[in-house]
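Hi,

Here is the structure I promised to pass on. Have a look at it first, then read my notes below.

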Amino acid sequence: MADEPRLYRPRERELPPRDEHRLTASLNPDQARAVTFGDAPLLVIAGAGTGKTRTLIHRVAALIERGVAPERVLLLTFTRRAAAEMLSRAERLVGSAGVRVHGGTFHSVGHRLLRQFGAAAGLPADFSIMDQADAEDLMQLARGAMGFTKTAKRFPKKETLHWLYSRHINTELPIDELLHRDVPHFLEYEVQIAALFADYTLRKQERNLVDYDDLLLFWAMMMEASPELQSRVAGLYEHVLVDEYQDTNLLQARILRGMCSKHGRLTVVGDDAQSIYAFRGAHFRNILDFPRQFPGATMVTLAQNYRSTQPILDLSNMVISRAEERFSKDLWTSREGGEKPWLVTARDEAQQTRFVVDRVLQLHESGVELRDMAVLFRAGYMSADLEIELANRKIPFEKWGGLKFLEAAHVKDVLAFLRVSENPRDEVSWYRILMLMPGIGDTTARAMMATMQERAWDPDAFTHLIAPPRARDAHRALAVMLRQLRGLTSKVGDTAGAKVASDIAAVRSIYDAILKEKYDRPDARLADLDQLRTISAGYPSRTSFLAALALDPPSNTQDLAGGSESESDALILSTVHSAKGKEWKAVFVIWAVDGWFPSSRAVDDPDELEEERRLMYVALTRAKDELAIVYPMQVYGSRRSADYSFDQLSRFLDRGVRGTMQRVVVEEPGDVPAPAPIESPTIDLRALMRGRFEKK
DNA sequence: TTTTGAAGTCTCTCC
DNA sequence: GACTTCAAAA
């Protein structure tokens with residue numbers, strides 16, 4: 001929440017000097033038009049690098065100069081990174097007023113509003129948020145309760161069920177249609193699946209749990225169901241601005257309709273060529289439907305690129321020109337010069353890694369900061385080899401995307417203890433911690449939870465359970481610890497941050513031993529738990545700590561190489577998804593191998609393949625001055641090469657596209673490794689000579 | 001009957 | 001490296 005408005009000071013003092021042209025002087029005519037546009041719905045179609053975010057930020061500034069209170073402006077984005085970036089840029093442009101602009105991802109804003117207004121719509125304010133894995137686990141519990149245990153192999157797995165459910169919520173498509181289109185072999189279970197979803201919904205309600213989709217769904221529903229609530233929620237904001245609109249789905253459009261139904265002051269910016277979130281129910285046609293959904297909308301198009309050199313744009317334009325459907329125009333720039341992007345052929349992964357590291361060092365020596373360079377890849381795990389090499393060579397790096405800190409099993413374990421004491425009805429967390437206990441398996445865990453449910457999830461119910469002999473010790477230890485947790489939290493006088501930290505310490509008094517038993521590399525994992533405690537110190541309460549971890553998790557486990565603090569110079573490694581909206585002087589795209597990029601899972605579906613193409617376009621358009629695409633010819637362990645040709649160059653780099661690039665062969669001075677000094681003889685020359693004759 | 005250990009199977013993207 | 005499946009042990 002923003003601070004209270006500082007009423008003791010005249011507003012004018014807080015704002016930079018009022019100047020009509022200050023905000024538009026640095027903009028081109030199209031951008032300026034969007035910035036100074038009035039109060040009706042506005043759609044800005046903006047290609048990559050055309051100053052989309054800049055335009056949005058300037059529009060926010062213009063609104064504030066026009067007299068709109070900053071806290072009555074809502075700025076919605078799609079990823080956490082984009083949200084943080086926008087708010088900090090707004091602050092730089094308009095000074096202290098920028099801090100008061102409300103902003104965040106759709107999910108985080110939904111969360112804030114539901115804590116505030118949910119109670120009026122029958123949602124208790126102390127709900128817990130489940131992340132995706134939690135939601136899948138709850139789906140599994142529902143699945144098991146319906147009798148579809150492990151033997152029922154033909155019934156969809158929990159991940160599929162959750163995917164279907166989420167898809168249904170986000171796209172508003174009927175379940176039978178989703179089944180028909182995506183998993184027709186499960187059509188026979190339509191009735192059971194619908195019943196299971198009903199049970200899942202009921203379980204969430206009974207356990208006071210909310211999943212990611214609910215944060216959006218309840219937000220939309222509470223406005224639609226109650227005119228009074230709608231006017232209160234929507235009345236908070238006079239202007240709503242949305243970034244990356246091409247990645248929103250129908251549900252988010254519903255939210256925006258609710259938020260802007262009264263005043264229609266909605267600005268959205270987006271680029272259909274950069275739509276890469278179809279897997280979350282987004283469809284780039286939503287952006288084209290905007291004028292229909294918000295009648296009277298004005299459209300402004302930005303096509304001048306300020307980021308990249310012309311050769312980089314030539315390549316990017318060529319790649320996206322192969323798209324089946326597209327609406328935005330080719331990008332152009334007035335920037336002169338620039339080298340053709342490199343197509344680097346490496347023998348294998350090791351050589352790919354070596355090339356990237358060598359080239360990064362070379363550029364670094366010529367004056368490019370590490371932070372101005374990025375290595376991009378399709379999926380988080382593809383940077384593993386590179387990470388090891390960077391760590392070996394003491395090159396600091398920062399990894400974006402991929403496995404999150406809180407997705408690590410041991411972190412989830414610790415959080416499960418906290419969540420059970422926060423919300424005794426949290427079945428998912430109960431199951432998780434019970435399964436950790438020696439002597440307790442699936443059957444005992446379910447039986448214990450059933451008993452606790454009979455006792456209406458009374459916090460003491462667990463203590464009074466009778467455990468099977470095998471699990472008696474574990475049961476007693478856990479009961480003591482949970483009582484301790486509840487005792488600690490009710491103690492008055494603890495400073496806020498220390499409270500969460502001491503909870504974690506209490507959990508670790510019994511969990512550390514389990515961790516050492518259960519997982520390999522316990523030292524690194526224990527270090528993660530230390531870090532978890534450090535992070536927890538920043539939160540005023542356990543509730544806010546747990547909510548923040550679900551919505552805004554710290555991005556990386558640890559600074560693997562650098563060691564020093566956050567603002568140090570470090571090379572960026574990122575998934576393409578996490579790189580969206582960012583730019584670097586030099587960009588390396590690795591694993592440009594067909595089956596990796598595009599992903600082999602996407603090649604059978606034309607729509608998914610198109611999304612991969614847009615993803616490649618997003619990757620290429622991140623580069624300002626230098627761009628290299630690396631392609632290892634030999635991929636280890638391509639087991640599935642029988643049904644798919646893996647070791648080919650990405651299909652997006654066809655002959656014509658390659659014409660806009662220059663081939664680079666990796667020079668390998670150390671191609672033949674220097675022979676190691678030999679201490680004792682390892683071969684027998686005489687024996688070799690004998691063999692030579694015997695062969696015949 | 002329930003738990004646990006070992007071998008085997010994949011591996012996405014984000015809130 | 002995480003998760004599932006299968007078989008052995010308690």
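Let's start with the DNA. Strand B has 29 residues around it, and the closest are His107, Gly380, Gly401, Gly441 and Thr444. If you sort that surface by class, you get 8 nonpolar, 16 polar and 5 charged residues. Three helices each supply at least two residues of the surface near DNA strand B: α6 (106–117), α20 (442–454) and α25 (576–579). Of these, α20 gives the largest share, with 3 residues.

Before you go further, keep in mind that this is a predicted model. The mean pLDDT of chain A is 83, and 86% of its residues reach 70 or more. Two stretches need some care. Over residues 637–646 the pLDDT stays under 50, and the model has 10 contacts there beyond four places in sequence. Residues 692–696 are also below 50, and that stretch has 0 contacts beyond its near neighbours in sequence. Where pLDDT is low, don't read the predicted coordinates in detail.

Now the overall build. Chain A has 28 helices and 15 strands. Of its 696 residues, 41% count as buried. If you take the contacts in chain A with a separation of 6 or more, 79% of them are between residues 24 or more positions apart.

What sits inside? The largest nonpolar core has 112 residues, and those with the most contacts inside it are Val44, Val60, Trp219, Val240 and Val414. Helix α11 (residues 212–225) gives the most to this core, 8 residues. Trp219 is a good one to click on: leaving aside neighbours within four places in sequence, Trp219 is in contact with Gly110, Leu113, Leu114 and Ile255. Apart from that core lies another one, of 61 residues, including Ala282, Val344, Phe377 and Val576.

Next, find strand β12 (residues 571–575). How many of its residues are buried? The count is 5 of 5, so β12 is largely enclosed by the rest of the structure. Leu571, Leu573 and Thr575 point one way, Ile572 and Ser574 point the other way, and all are buried. You can also see β12 paired with two other strands. Strand β10 (residues 373–377) runs parallel to β12 and is joined to it by 4 bridges, with Val375 standing opposite Leu573. Strand β11 (residues 397–400) is parallel to β12 too, also with 4 bridges, and there Trp400 stands opposite Ser574.

A helix can be tucked away like this as well. In α19 (residues 427–436), 9 of the 10 residues are buried, so this helix is largely enclosed by the rest of the structure. The buried ones are Glu427, Val428, Ser429, Trp430, Tyr431, Arg432, Ile433, Leu434 and Leu436, so you'll find charged side chains in that list along with nonpolar ones.

Then there is Phe588, in strand β13. Is Phe588 buried or exposed? It is buried, because 27 other C-beta atoms lie within 10 Å, and the cut-off for buried is 20 or more. Not counting residues up to four places away in sequence, Phe588 touches Val356, Val375, Leu376, Ala628 and Val630. You met Val375 above, opposite Leu573 in β12. The C-alpha atoms of Phe588 and Trp342 are separated by 9.4 Å, although the two are 246 residues apart along the chain.

Last, a few spots where the backbone does something less common. Most residues other than glycine have a negative phi, and most peptide bonds are trans. Here are three exceptions to look up:

- Glu172 is not a glycine, yet its phi is positive, about 60°. Glu172 is in the loop between α8 (158–171) and α9 (175–182), and it is exposed, with 12 other C-beta atoms within 10 Å.
- Trp591 also has a positive phi of about 60° without being a glycine. Trp591 lies in the loop between β13 and α26, and with 21 C-beta neighbours inside 10 Å, it counts as buried.
- The peptide bond from Phe597 to Pro598 is cis, with omega near 10°. Pro598 lies in the loop between β13 (584–589) and α26 (606–620).

Write back if anything is unclear.

Cheers

Note on methods
Residues numbered from 1 in each chain as written. Chains lettered and ligands numbered in written order. Predicted model: local features only at pLDDT ≥ 70, side-chain atom pairs only at ≥ 80, totals over all residues. Near = placed C-beta within 6 Å. Core = buried A, V, L, I, M, F, W, Y, C linked by C-beta atoms within 7 Å. Contact = placed C-beta atoms within 7 Å. Pairing = 2+ DSSP bridges. pLDDT = per-residue confidence, 0-100.
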